[in-house]
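This report looks at selected salt bridges and at one sheet of the structure shown below.

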Amino acid sequence: MASAVETAIRGVVTKGLTTLAGFNRNRMDGAAEHTFLTGIHTPMREERTITDLTVTGAIPAQLAGRYVRIGPNPFKPDPRGHHWFVGDGMVHGVRLSGGKAEWYRNRYIRSQQLAQQGGPAAAPGPRLSDRDLVNTNVVQIADKIYGIVEAGSNPAQLDENLETVAYSDFGGTLQSPFSAHPHEDPLTGEFHAITYQGTDPNTVWHVVLDKSGTVIRQQPIPVEHGPSIHECTITKNYVVILDLPVTFSMKALIGGEKFPYHWNPEHKARVGLLPRQGSAEQIVWCDVDPCYVFHVANSFEDESGRVVIDSAVYATMFEQGYDGPNGKPLGLERWTCDPATRKVARTPIDPAPQEFPRPDERFFGQNYRYVWSLGLPGEDAFLGEAPLYRHDLQTGERQVHDFGPGKVPGEFVFVPRSADAPEGDGWLMGYVIDAVAETTDLVILDASDFSQPPVAVVHIPHRIPPGFHGNWLADL
């Protein structure tokens, strides 16, 4: 349980507390080199539109839409207290149609925080709080494009050219915080999320949007210590809550850290199985050994009614410093949660360090076969030269795609060849930085045999800083 003092302080985030945090931050070394503000992470200085893109190979004619990824791009970089997760949001997109690459665009998310620093004017629309930074994911909900983030802001709606139209509370229906990872149930069209807010350490919410983009459920769930829950997942009957030992730290906040979440060994690790329409009292909490998960590949219920979860797992997280993700990666694991015993059995799928696991989203929440993931260079760096993996969960086969020396890939996403194509029949796409040439490629791979050379490569004549998440946003 959070201490009475900490709970009292968090209940009223006073001007004095903010001033103290700022004072301590200003005492830090402003000239220090920061891993996530230098090298390949050096922010871009301008917004660009490029319409004369060079392409190697042949872009599949079936691809009509935009590949869009978002990430942090601080407008006024300052290493003092900085964390990779809190930079101003910038979207980077490539429009494909008719076998051609029509344009590349990068645009800031027009937040009030950005405008206050002297950046572009803020977009209109309702804010959850004065912290309206959006930098973590880009999704399409009910024919609209949204930039999203966990814990601090309403979504930012974007137009087809990636300009920020307005901040959104889904027509006034969103009264709770939102998430960077709402998951669409392909069988119902609903989006499910587990959300939290930094100023409330005792509550998270199960939020559901119907296929029209209207919030139809905001179920509060009591928790302790203010856990950082980046991800959730779903099955036929459950929404899965990953309540793991990364929690809010008042000491870190007062000390000047801009992302004040640390590893907390006193916080019990557990997985909650919430019936989709159930109350907080109906959650089946299953104990799991202490660890941390950012991202889930998929989950489903087996023939015995147990919940199976595949995800990229770490032994700890945010234990070794505050500038970005750190911790020992344990690879891809399968967790089997038994509602009867309330225990979680953990089984390795592949111990190689990896992140950003993605399935064929048409099979999300269902028994499935394929996972694609990004290799990690190891414990000392979160991103760097690394391969992509294709896991066949039925045969145990792992395919590898290596981009070569000096090439730094990010998350890749699966795009089906057609709406009714078999699972795994389609393409993978994502950005790859050439760290030597300071350029970036949008690479398109054959998802079923992706050890082969790319199907097509769209060449972007500058470095796109590593970001977080993106998606293929097909024309509708």
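Is Arg 463 buried or exposed, and what is its relative accessible area? In this predicted model, Arg 463 has a relative accessible area of 11% and is therefore buried, the cut-off being under 20%. The side chain of Arg 463 meets that of Glu 438 in a salt bridge, and Glu 438, at 38% relative accessibility, counts as partly exposed.

Across the whole structure, a search finds 24 salt bridges, among them the following.

| Salt bridge | N to O distance | Separation in sequence |
|---|---|---|
| Arg 66 and Glu 160 | 3.8 Å | 94 residues |
| Arg 270 and Asp 243 | 2.8 Å | 27 residues |
| Glu 438 and Arg 463 | 3.2 Å | 25 residues |

Glu 438 lies in the loop between strands S30 and S31, while Arg 463 lies in the loop between strands S32 and S33, so the pair ties together parts that are 25 residues apart in sequence. Arg 270 in strand S18 and Asp 243 in strand S15 likewise link distant parts of the chain, and both of these residues are buried. Arg 66, which is in strand S3, counts as buried at 10% relative accessibility, and salt bridges with shared partners join Arg 66, Arg 95, Glu 102, Glu 160 and Asp 475 into one network.

Glu 160 is placed in the loop between strands S8 and S9, and these strands belong to an open, antiparallel sheet of four strands in the order S6-S7-S8-S9. Strands S6 and S9 stand at the edges with a single partner strand each, so one side of each is left without a neighbour in the sheet. Neighbouring strands of this sheet are turned by 30° against each other on average, direction ignored. Five bridges join S6 to the antiparallel strand S7, where Gly 147 is the bridge partner of Val 138.

Terms used
Residues numbered from 1 in each chain as written. Predicted model: local features only at pLDDT ≥ 70, side-chain atom pairs only at ≥ 80, totals over all residues. Heavy atoms only, no water. Pairing = 2+ DSSP bridges. Helix = DSSP H or I, 4+ residues; strand = E, 2+ residues; numbered from the N terminus. Axes fitted to C-alpha atoms, helices over the stretch in contact; angles between N-to-C directions. Salt bridge = Lys/Arg side-chain N within 4 Å of Asp/Glu carboxyl O. Buried < 20%, exposed > 50% of the residue type's maximum accessible area, 1.4 Å probe, protein only.
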